[in-house]
Amino acid sequence: MSHSVEKIMSPAAGRVVQPDRLLVRSLVGGLVTSLPVLVLGLLVLNLAPTYYTYLALAAFVNLIVVVGLQVFMGNSNIANLGHSAFVGLGAYGVAVLSTPLAMKKLSIPHAPFGFATLQLDPFSAALVALLAVGIVAAVSGKVISRLSGVAATIVSLALLIIVHSVFLNWTDLFKGNQAFFGIPKVVGLPWMMVLSVVVIVLARLFKDSRWGLQLRASAQSPQAAAALGIDARRLRLMAWILSALICGLAGVLYAYFAGTISPKLFYFQQIFITLAMLILGGMATVTGAVTGVIVLSVGLEFIRSIESGVTIAGIQLPQLLGLSGVALGVVIVLCMAFRPGGISGRYELDEQLSRLLRRSA
Amino acid sequence: MDYVLQQLLNALAFGAEYSLVALGLAVVFSIMGLVNFAHGEIIGVSAYSVFLAAALGLTSPIVAVLLAIAAAALAAVIFERVAFRPVRYAPTTTGLLTAFGVSIVVQNLFMLLISPKPQSVSILNGLNQMWFFGPFAVSSLQVMELVVAGLTILALVLFLNRSTLGLAIRAASRDFATVRLMGIRANRVIATAFAISGALAGIAAVFIIARRGSVSPDLGFSLVLKAFVACVIGGFGSLPGAAAGGMLLGFIEVGLLVALPQEYGGFKDALSYVIIVTLLVYRPEGLLGQRVELGDKEI
């Protein structure tokens with residue numbers, strides 16, 4: 001028994017293990033975690049009608065956002081309520097850079113800095129957009145990593161409002177409140193699945209890396225970590241930037257599959273949904289992020305069908321606007337009260353599986 | 001001159017409102033470390049109670065004001081009993097997310113049970129008039145806002161300094177465990193803090209209804225975000241800090257409104273947040289906050 005505990009604890013307990021073996025272990029772990037996602041994606045790809053493919057694409061975008069959120073929240077244990085700012089920046093970044101010129105003449109003819117006459121191919125547009133996300137993240141992260149937990153959360157909210165307000169009011173570049181249309185639709189389900197797996201593995205590698213471990217340690221006990229020479233600020237900044245880049249990637253992918261975006265997509269509605277997903281699944285693990293997205297995506301779709309007014313046993317129910325919001329909030333409140341660790345708790349999927357196997361053996 | 005005075009009054013009135021809401025947040029945070037995102041929905045409950053009472057035939061503005069304050073205080077105490085008590089000793093992030101969840105639930109309940117659209121409430125419109133002082137015309141609402149906020153803060157200071165329960169609240173914000181060892185009931189201290197916080201929100205709600213003449217599900221939410229920013233800039237958990245931060249935010253906003261050309265008016269909120277975040281770079285613990293000692297922190 002003590003042997004098995006030691007094996008699970010080994011990365012944290014500091015037992016001498018070959019570094020590349022650890023790397024392989026978290027790589028495999030990440031792949032195991034992304035298996036359910038792959039299976040569901042393949043099922044939808046091969047069996048489902050078009051409408052469900054669209055839903056699945058949206059769910060994959062949420063998945064990437066939630067995994068990005070987990071990278072910061074799960075490791076630093078600071079609530080981040082502003083991640084949609086980066087999703088929006090990614091989406092608007094590629095919208096401004098890659099929309100065909102003919103479309104731009106219609107939508108943003110007066111764009112400053114020559115953006116009205118610039119058209120990049122989708123791949124380089126995505127890279128430039130992510131670069132922009134990275135710069136905004138580095139600047140905002142400088143401030144946020146210096147603050148204590150609560151103040152950092154409030155500033156992340158302020159960032160969301162700042163970015164949203166710029167989208168709304170800089171009409172020459174972002175079209176303001178109107179939908180920005182004509183973005184090339186170049187991303188389908190296969191691309192989305194590949195990138196989801198990449199992101200999940202990346203989040204897992206960060207969590208298991210030296211930096212992730214140190215950041216988690218400093219979240220548990222700031223003083224003990226500081227006494228060991230851990231620079232929590234620098235680690236928070238790293239996690240913040242990585243998290244922002246992943247969220248930015250989600251935005252890029254959203255723009256490339258939907259073709260049309262508007263500012264309100266990247267505001268509180270998205271924050272509520274993704275936060276509820278992460279909390280329900282459990283924010284300590286990447287597995288939690290994946291679980292939460294799968295469970296709530298299905299659950300919300302069911303609730304939305306009731307929300308729009310259904311007929312049960314011949315009785316037409318009225319429209320129940322707000323029902324899905326109530327459900328999301330209730331999920332958050334109940335989780336926090338009764339199971340703060342979420343569904344998956346402290347262990348990743350592969351760790352749970354190997355524990356299960358060992359117990360039955 | 002007239003213009004300068006008018007803008008000054010504007011800034012003071014905005015600041016007074018932010019201070020009231022920020023104080024409500026700070027009272028609760030200083031005692032139990034709860035970042036109460038649902039504070040805006042306490043304002044919402046208060047406003048919707050006035051709306052419902054008016055729809056049921058209430059006509060007296062005085063009763064409406066009392067109702068608004070009572071409903072808010074009651075809502076705050078109920079929120080605490082139902083949602084925040086289970087997470088009372090949990091880490092700050094847990095409480096914060098719980099409050100965020102409560103805020104989503106209540107906002108959507110307004111949508112579900114009443115309507116997603118703004119509903120008009122005219123019962124308190126009488127508070128919003130023009131008063132003439134010689135050559136000056138001022139909005140009665142702004143003057144009242146300033147006076148009421150001042151009196152409320154005075155009453156709060158007197159209560160905290162002169163009454164036993166007030167003393168217990170101040171002591172609890174320093175060291176809750178010792179206060180309980182002195183034989184003070186934790187539930188009573190916390191319920192009082194929430195009732196005070198709710199009453200402050202109710203007063204703010206009265207002014208909001210009088211100014212807008214309507215209620216909508218998200219009416220408290222954006223105001224509370226601003227109050228949070230005011231708290232952060234003043235130093236989170238510090239009561240004087242919350243009041244000062246609220247005033248500062250009011251002055252920054254009105255200053256920007258005056259300074260910005262008309263077509264950039266939409267950037268007002270964004271710019272005031274940028275200014276405040278920049279201030280935080282130089283004083284991460286806020287203007288009146290103290291650097292937190294983590295040494296003897298209870299886990």
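**Exercise 1. Determine where A:His110 is located and whether A:His110 is buried or exposed.**

Solution. Begin with the secondary structure, in which helices (H or I, at least four residues) and strands (E, at least two) are DSSP runs, numbered from the N terminus. A:His110 belongs to the loop between helix H5 (101–107) and helix H6 (122–144) of chain A. Next, apply the burial rule: a residue is buried if 20 or more other C-beta atoms lie within 10 Å of its own, exposed if 12 or fewer, and partly exposed in between, with C-beta atoms placed from the backbone. A:His110 has 9 other C-beta atoms within 10 Å, so A:His110 is exposed. Then consider contacts; two residues are in contact if their C-beta atoms, placed from the backbone, lie within 7 Å. When neighbours within four places in sequence are left aside, A:His110 is in contact with A:Ala116 and A:Asp172. Finally, the C-alpha atoms of A:His110 and A:Leu127 are separated by 24 Å, the two residues being 17 residues apart along the chain.

The structure is a predicted model, in which local features need pLDDT of at least 70, side-chain atom pairs count only at pLDDT 80 or more, and totals for chains, interfaces and linings use all residues. Residues are numbered from 1 along each chain as its sequence is written, while chains are lettered from A and ligands numbered from 1 in the order in which they are written.

**Exercise 2. State which phi values A:Asn77 and A:Lys175 have, and describe the surroundings of each residue.**

Solution. Recall the general rule first. Most residues other than glycine have a negative phi. A:Asn77 is not a glycine, yet its phi is positive, about 55°. A:Asn77 lies in the loop between helix H3 (50–76) and helix H4 (84–98) of chain A. Since 19 other C-beta atoms are within 10 Å, A:Asn77 is partly exposed. A:Lys175, also a residue other than glycine, has a positive phi near 70°. The loop between helix H8 (171–174) and helix H9 (189–208) of chain A holds A:Lys175. With 22 other C-beta atoms within 10 Å, A:Lys175 is buried.

**Exercise 3. Assess the confidence and the overall form of chain A.**

Solution. Start with pLDDT, the predictor's confidence in each residue, from 0 to 100. Chain A averages a pLDDT of 85, and 92% of the residues score at least 70. Among the elements of chain A, helix H1 (residues 2–13) has the lowest mean pLDDT, 43, and helix H12 (residues 232–258) the highest, 93. Over residues 1–14 of chain A the pLDDT is below 50, and this stretch has ten contacts in the model beyond near neighbours in sequence. Where pLDDT is low, the predicted coordinates should not be read in detail.

Turn now to the fold. Chain A contains 16 helices and two strands. The radius of gyration is taken over C-alpha atoms, and the globule rule is 2.2 Å times the number of residues to the power 0.38. For chain A the radius of gyration is 21 Å, close to the 21 Å that the rule gives for 361 residues, so chain A is as compact as a globular protein of that length. Of these 361 residues, 48% are buried.

**Exercise 4. Describe how S2(B) and S3(B) are arranged.**

Solution. Two strands pair if DSSP finds at least two bridges between them. S2(B) (130–133) and S3(B) (residues 136–139) pair in the antiparallel sense over four bridges. Within this pairing, B:Phe132 stands opposite B:Ala137 in S3(B). The two strands form a hairpin with two residues between them, and B:Gly134 in the turn has a positive phi of about 55°.

**Exercise 5. Identify which element gives the largest share of the side of chain B that touches chain A.**

Solution. Count both sides first: the contact takes 40 residues from chain B and 39 residues from chain A. On the side of chain B, the elements giving two or more residues are helix H4 (92–113), helix H9 (221–234) and helix H11 (268–282). The largest share, 16 residues, comes from H4(B). To complete the picture of this helix, note that 19 of the 22 residues of H4(B) are buried, so H4(B) is largely enclosed by the rest of the structure.
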